[in-house]
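Please work through the following exercises with the sequence and the coordinates open side by side. Each task is followed by a solution that proceeds step by step.

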Amino acid sequence: MFPDPPTNDPVNGLPSDVEVSLLTISLLKQYTYCPRIVYYETCTPDLRPRTYKMLAGEAAHQRERERATRRTLSAYQIPEGERKFDVRLSSSKFGLTGIVDEVVLTEDRAFVVDYKLAGWAGENHQLQLTAYALLAEEAFQRPVKEGFIYLMPLKRFETVPITTALRNSVLETIKAIHHIQLHEYMPPPVEQRRKCETCEFRRFCIDF
Ligand code: SF4
């Protein structure tokens, strides 16, 4: 059996005050959807409304978590390995923390798996998965060359290669989020306005 990442609580042995200052990985996903959401999340943290979509997503996630334990590794085309569920990962090196749905460990590799209530693996989902991959590499000391996004409505896995471009994108996004936080900078509204239709912050965006 593979060991868990060193001391999950506080994670990776970080003192709790350090952990508090880490960015949550879901912020990276939100930045890719619309950078302004990161402003609302980090600079006005008491504002966040709860929407039906968010609650439905959480409920679906919980149901999927229960089903996932009954799946075998053949779903990932990995012959042998150990699965760990709801793995908290944190890194002072990357300044990130988050809980990934699954990590699969083999002798010489690790794989990350994220469940999504979505019909496709969007750019934001791939970026989030890559951030988990970076932290899993550090925690388990194994390379993560690919991960999986499980599309719950379709009951289908998408394989995501953890490319150099995606890794660089994670680092760039971290920098951009720090800029928003540090300068309390409100980015312009997203160009694809259809994204606003289901955004929980829609009523706060009064400039369009
Ligand atoms: S309503 Fe639109 S512009 Fe405003 S935060 Fe949401 S997605 Fe971004």
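The exercises below concern a predicted model, and they move from its confidence to its fold, its core and its ligand shell.

**Exercise 1. Confidence**

Task: Establish how confident the prediction is, and which stretch has pLDDT under 50.

Solution: Begin with the chain as a whole, which averages a pLDDT of 85, with 85% of the residues scoring at least 70. Then turn to residues 7-20, over which pLDDT stays under 50 and for which the model has 24 contacts beyond four places in sequence. Where pLDDT is low, the predicted coordinates should not be read in detail.

**Exercise 2. Overall fold**

Task: Describe the order of helices and strands along the chain, and state what share of the contacts joins residues 24 or more positions apart.

Solution: Counting elements gives six helices and six strands, and reading them along the sequence gives the pattern α-β-α-α-α-β-β-β-α-β-β-α. Among contacts with a separation of 6 or more, 66% are between residues 24 or more positions apart. Of the 208 residues in the chain, 32% are buried.

**Exercise 3. Helix α5 and the core**

Task: Check the length of helix α5 against its expected span, and determine which element gives the largest share of the largest nonpolar core.

Solution: First, helix α5 covers residues 123-140, and its 18 residues should span 26 Å at 1.5 Å a residue; the end C-alpha atoms lie 25 Å apart, which agrees. Second, the helix is largely enclosed by the rest of the structure, because 15 of its 18 residues are buried. Third, the largest nonpolar core has 43 residues, and Phe-111, Val-112, Ala-131, Tyr-132, Ala-133, Leu-135 and Ala-136 are those with the most contacts inside it. Elements that each supply at least two residues of this core include α2, β3, β4 and α6, while the largest share, ten residues, comes from α5. Finally, Phe-111 is in contact with Tyr-76, Ile-78, Val-104, Val-144, Glu-146, Gly-147 and Phe-148, leaving aside neighbours within four places in sequence.

**Exercise 4. Two threonines**

Task: Decide whether Thr-130 is buried or exposed, and do likewise for Thr-164, buried or exposed.

Solution: Thr-130 is found in helix α5 and has 26 other C-beta atoms within 10 Å, so Thr-130 is buried, the cut-off being 20 or more. Thr-164, in helix α6, has 8 such atoms within 10 Å and is therefore exposed, for which the limit is 12 or fewer. The C-alpha atoms of these two threonines are separated by 9.8 Å, although Thr-164 and Thr-130 are 34 residues apart along the chain. Beyond four places in sequence, Thr-130 touches Ile-162, Leu-166, Arg-167 and Val-170, and its C-alpha atom lies 7.2 Å from that of Val-170.

**Exercise 5. Positive phi angles**

Task: Locate Asp-86 and Glu-184, and give the phi of Gln-141.

Solution: Most residues other than glycine have a negative phi. Asp-86, in strand β2, has a positive phi of about 50°, and Glu-184, in the segment after α6, has one of about 45°. Gln-141, just after α5, takes a positive phi of about 55°.

**Exercise 6. Ligand shell**

Task: Classify the residues around the ligand.

Solution: The shell comprises Cys-34, Arg-36, Ile-37, Pro-189, Val-190, Lys-195, Cys-196, Cys-199, Phe-201, Arg-202 and Cys-205. Sorted by class, eight are nonpolar, none is polar and three are charged.

Conventions:
Residues are numbered from 1 along each chain as its sequence is written. This is a predicted model: local features need pLDDT of at least 70, side-chain atom pairs count only at pLDDT 80 or more; totals for chains, interfaces and linings use all residues. pLDDT is the predictor's confidence in each residue, from 0 to 100. Two residues are in contact if their C-beta atoms, placed from the backbone, lie within 7 Å. A residue is near a molecule or strand if its C-beta atom, placed from the backbone, lies within 6 Å of it. Ala, Val, Leu, Ile, Met, Phe, Trp, Tyr, Cys and Pro count as nonpolar, Asp, Glu, Lys and Arg as charged, and the others, Gly among them, as polar. Helices (H or I, at least four residues) and strands (E, at least two) are DSSP runs, numbered from the N terminus. The expected span of a helix is 1.5 Å times one less than its number of residues. A nonpolar core is a set of buried Ala, Val, Leu, Ile, Met, Phe, Trp, Tyr and Cys residues joined through C-beta atoms within 7 Å.
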